[in-house]
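The exercises below ask the reader to work through a structure from its helix packing outward to its interface and backbone. Each task is followed by a solution in steps.

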Amino acid sequence: MENQKSKIGVYICHCGGNISDYVDIEKVKNLIAREEGVHLVNNMMFTCSDSAQVDIVNDIKENNLDGMVVASCSPKLHLLTFRDVAKRAGLNQYNYIHANIREQCSWAHSDKTELATDKAVRIIRAAISKVRLSETLEQIEIPAINTAVVVGAGVSGMRSAIELADQGTNVYLIEKDHFVGGRVSQWGKLFPTEEPGENLVERLYHKVKERENITLFTGAEIKAVNGSVGNFELDVHITPRYINGMCDEAIQDQVLKACHAEVDDEFNFGLTKRKAIYKNYPNAYPETPVVDMDLCDKCGECLKICDGRITLDQKEENISIKAGAILLNTGFDPYEPKEGEYGYKQVDNVITLQQFKRLIESNGDKLVYNGKKIRDIAYIYCVGSRDAKGENKHCSRYCCTSAIHTAVDAKTKFKNIRNYHVTRGIRTYGKQETLFTDSSRQGDTYFQFFEGAMPTVENENGKALIKVKDALTQNEDIEFTADLVVLVTGMVARKDENLVNIFKVPVGSDKFYNEIHNKLRPVETVIEGLFIAGGCQSPKNIRATMASTLAASAKANSLIQSGMIALEPIVAKVNPELCEWCGACDDLCTYNAFEKVEYEGKTVAKVNEAMCKGCGACTPVCPTNAIDVVSLSDTEIETMIDSFVRDVEFATTTTEEKADSFAEVVDFEKQVRVLPELSQRILDSLETEPKAIPDIAKELGVAADDVLYHLMSLRKYGMIKDTDEINEDEYYLYELKK
Amino acid sequence: MSDYQPKILVFSSEKISDPAIDLAGLLKKHYSPLVYNITLQCTSSVKPRWILHALRSGIDGVFIASDGTDCAYRSDCSDLTNKSIAKAQEVMKEKGIDLSRVKMAALCSVCADPFVNHMKSFSETLANLGSIKNEIGQKDG
């Protein structure tokens with residue numbers, strides 16, 4: 001085949017041992033160097049490090065390479081990193097192919113290192129065969145609507161909407177509930193500002209309403225999504241409030257009294273009842289109450305008092321909206337203990353932390369539950385969390401802080417109560433540690449248990465009897481009674497399978513939405529144009545929620561604000577010589593990507609690149625095999641298969657081959673010594689005496705981080721060693737290994 | 001059970017089933033090192049000739065890790081992939097190649113355990129069938 005790449009650079013990553021502990025990198029390197037088209041092979045401690053990237057760029061420029069293979073971790077982590085490296089070196093980014101030898105090799109086969117090495121060779125060979133055939137491609141630009149849909153109008157969703165709107169993006173803010181604020185509106189005072197949650201909600205709501213480019217829909221549920229990044233189309237079902245605007249407060253009170261239909265109030269976690277006409281709380285927003293038509297029996301009593309404003313015949317609506325990007329800010333659910341878990345729903349006075357927060361809010365100056373005055377409160381921590389054998393293995397991080405803050409709040413509001421905390425170790429990290437001090441100063445008592453010896457809660461004469469083996473008093477068995485037991489429960493993923501099905505958003509084993517990469521791409525999903533933020537992604541406090549919200553908003557805005565999105569040129573391509581227009585591809589394509597064109601006196605199919613998503617579903621149905629997906633042609637796939645199958649011949653033990661192998665190792669070592677200039681300067685510096693990292697950095701006039709990186713490489717290759725001695729500033733000293 | 005170690009070619013999809021294979025590695029869940037993966041945009045693009053090429057080249061079995069209903073491109077992705085498999089199997093039948101050398105299952109992006117289980121059971125099936133080379137050699141050769 002013509003135009004095959006013939007000067008390919010291959011870069012094999014040790015990943016600091018994640019790969020090289022299981023894959024014999026030197027063997028791989030020696031075998032790969034023999035592959036057709038390979039001009040050079042380099043091993044690197046971390047190919048993704050800044051200094052390694054600079055080395056690769058220099059390699060490409062100096063050797064005029066026409067192809068590059070990076071064999072390292074999953075391309076989901078660093079494909080973009082190395083495409084950028086290629087671009088910086090003047091190499092077309094599609095002449096770089098990534099070989100995943102970590103997730104799909106060294107880690108998966110850490111139990112069979114020889115076979116892992118064999119597999120790494122085959123994987124890299126397949127990547128080389130693909131890069132040899134790679135075309136020079138340019139990205140496809142498609143128009144994007146500068147409108148975002150934000151799903152969920154809790155504090156995260158409202159903050160997202162405000163941020164996007166201020167950056168010039170139009171926003172549809174979709175809230176399933178009839179009131180905004182989500183979970184935060186349910187909490188009382190928030191640490192450390194002591195501002196009530198509903199005030200925070202109120203401020204954000206007014207900011208949302210002030211912005212003309214935000215449209216808020218409440219009682220709105222997304223039913224279907226079509227299209228893709230840049231041009232999503234969403235079907236939204238809207239349930240009306242059945243009330244037109246606010247009426248006089250006194251009349252509102254009369255209407256609420258007249259309504260006789262009742263149900264457990266979800267907002268108060270079932271502690272109270274609400275009517276069919278309701279507001280979550282008096283200052284809930286939007287201000288207009290709502291009629292719950294599932295509960296209303298249309299008795300008409302409310303109409304007699306407030307005729308005209310209550311209109312029970314309002315119709316549900318289905319609307320269609322278009323957007324370039326979607327942000328999911330759908331929040332979390334508090335863990336609901338199972339019946340009998342620490343006496344929940346079996347012992348009368350056992351409630352969850354979230355219920356306790358609502359109880360504090362709804363009580364006046366005395367703390368009363370089920371008609372009984374509360375004095376002694378036991379808090380049992382980590383309920384439904386950190387359960388190694390259960391569903392929720394995670395720690396929600398916020399619950400220790402929230403429980404202690406609530407306990408301090410309760411004691412401040414109701415002077416004579418006593419708090420007993422039964423914990424698995426307190427995690428009031430960062431500035432929240434001051435809360436623990438406050439709690440201790442006010443006289444709260446702490447016990448500690450471990451996973452193997454869980455506390456129990458039993459009913460004893462109308463009170464709760466708590467038994468705990470206390471690690472803080474040398475495992476003494478302690479028993480005490482409490483008027484109220486508060487189960488400190490963490491966060492779990494919302495049960496919104498509907499949204500998961502509609503958006504196809506991946507979920508993790510913890511059931512929370514899954515980002516592309518926990519550290520490097522924490523708010524993007526594998527679905528282009530779909531972002532996640534806040535508690536729907538993982539347990540977060542409000543501060544962490546806001547950080548992820550702002551990140552997701554910025555990513556969404558930067559994607560669509562220019563009105564154009566650069567897409568991968570990985571689309572279907574028709575060979576007009578082979579095409580005889582039968583229409584099979586056109587009939588199958590759901591994106592209308594095919595059009596009829598005339599070619600040398602016959603009608604053939606042509607792909608509209610902006611419409612084509614590159615799925616390739618059309619390729620197997622073509623009777624003349626005229627369609628391929630770019631970079632996934634028959635030749636490319638079949639040569640990759642051949643590369644997997646071809647035998648790997650490792651160095652044998654003949655004297656001659658041993659000598660060859662040794663020579664290659666020596667060559668390799670020479671490259672390590674010569675290629676990274678800083679490594680050589682460090683070695684020169686250590687010739688005189690053992691030195692610490694800061695001293696070397698100062699002497700060479702470089703950053704200590706760079707010295708550290710090169711020292712790690714040199715130590716890995718056995719060229720330097722630790723002296724086990726420290727200098728007067730307590731830094732370890734390194735010396736040459738002779 | 002046979003000691004034969006079969007080679008398996010997996011066709012996965014970039015956004016859904018390939019992340020599941022990555023996750024299996026991340027969780028250090030082990031399967032046969034003779035499993036090789038080619039990542040596509042969507043498994044509905046698998047051509048029958050690729051399956052046949054793999055088998056002729058010495059791959060003992062082809063596993064298609066379809067997206068099922070999770071496919072970001074099309075809800076009928078598994079049905080379309082099935083059609084390609086059926087076409088490949090028509091040729092396999094003519095050549096006397098055991099049809100169970102091609103298998104498809106839907107994997108979601110976190111289906112690390114199902115992937116590993118599929119690889120283990122498919123390896124066992126193929127080990128019992130023996131090398132594809134013998135099969136092609138006996139029946140086609």
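**Exercise 1. Determine which residues of α1(B) meet which residues of α4(B), and how the two helices are oriented.**

Solution. The model is a predicted one, and the contact list is a suitable place to begin. From α1(B), the residues B:Ala20, B:Ile21, B:Leu23 and B:Ala24 take part, and they meet B:Ala112, B:Phe115 and B:Val116 of α4(B). Sorted by character, the residues of this contact comprise 7 nonpolar, no polar and no charged ones. The next step is the geometry: helix α1 (residues 17–26) of chain B packs against helix α4 (residues 112–129) of chain B at an angle of about 85°, and their axes are 8 Å apart. Because angles from 65 to 115 degrees count as roughly perpendicular, α1(B) is therefore roughly perpendicular to α4(B).

**Exercise 2. Describe the interface of chain B and chain A by its contacts, its buried area and its salt bridges.**

Solution. Counting contacts first, 49 residues of chain B touch 48 residues of chain A. The area buried between the two chains is about 4100 Å², and carbon and sulfur atoms give 60% of that area. Side chains of opposite charge can pair when their charged atoms come close. Across this interface the rule finds 6 salt bridges, and a pair to inspect is A:Asp628 with B:Lys47, which form a salt bridge whose closest N and O atoms are 2.8 Å apart.

**Exercise 3. Locate the two partners of the salt bridge between A:Glu135 and A:Lys573 along chain A.**

Solution. Over all chains the structure holds 37 salt bridges, and among them is the one in which the side chains of A:Glu135 and A:Lys573 meet at 3.5 Å, N to O. A:Glu135 sits in the loop between α5 (113–132) and β5 (140–143) of chain A, whereas A:Lys573 belongs to strand β33 (residues 572–574) of chain A, so that the pair links distant parts of the chain, 438 residues apart.

**Exercise 4. Find where in chain A the cis peptide bonds at A:Pro192 and A:Pro286 lie, and place A:Tyr342 as well.**

Solution. The peptide bond from A:Phe191 to A:Pro192 is cis, with omega near 0°, and A:Pro192 lies in the loop between β8 (189–190) and β9 (195–196) of chain A. A cis bond also joins A:Tyr285 and A:Pro286, here with omega of about -10°, and A:Pro286 is found in the loop between β15 (277–278) and β16 (290–291) of chain A. Turning to phi, A:Tyr342 has a positive value near 55° although the residue is not glycine; A:Tyr342 is in the loop between β19 (332–334) and β20 (350–352) of chain A.

Methods:
Residues numbered from 1 in each chain as written. Chains lettered and ligands numbered in written order. Predicted model: local features only at pLDDT ≥ 70, side-chain atom pairs only at ≥ 80, totals over all residues. Heavy atoms only, no water. Axes fitted to C-alpha atoms, helices over the stretch in contact; angles between N-to-C directions. Helix = DSSP H or I, 4+ residues; strand = E, 2+ residues; numbered from the N terminus. Parallel < 35°, antiparallel > 145°, perpendicular 65-115°, else oblique. Contact = heavy atoms within 4.5 Å. Nonpolar A, V, L, I, M, F, W, Y, C, P; charged D, E, K, R; others polar. Buried area = accessible area lost by both parts, 1.4 Å probe. Salt bridge = Lys/Arg side-chain N within 4 Å of Asp/Glu carboxyl O.
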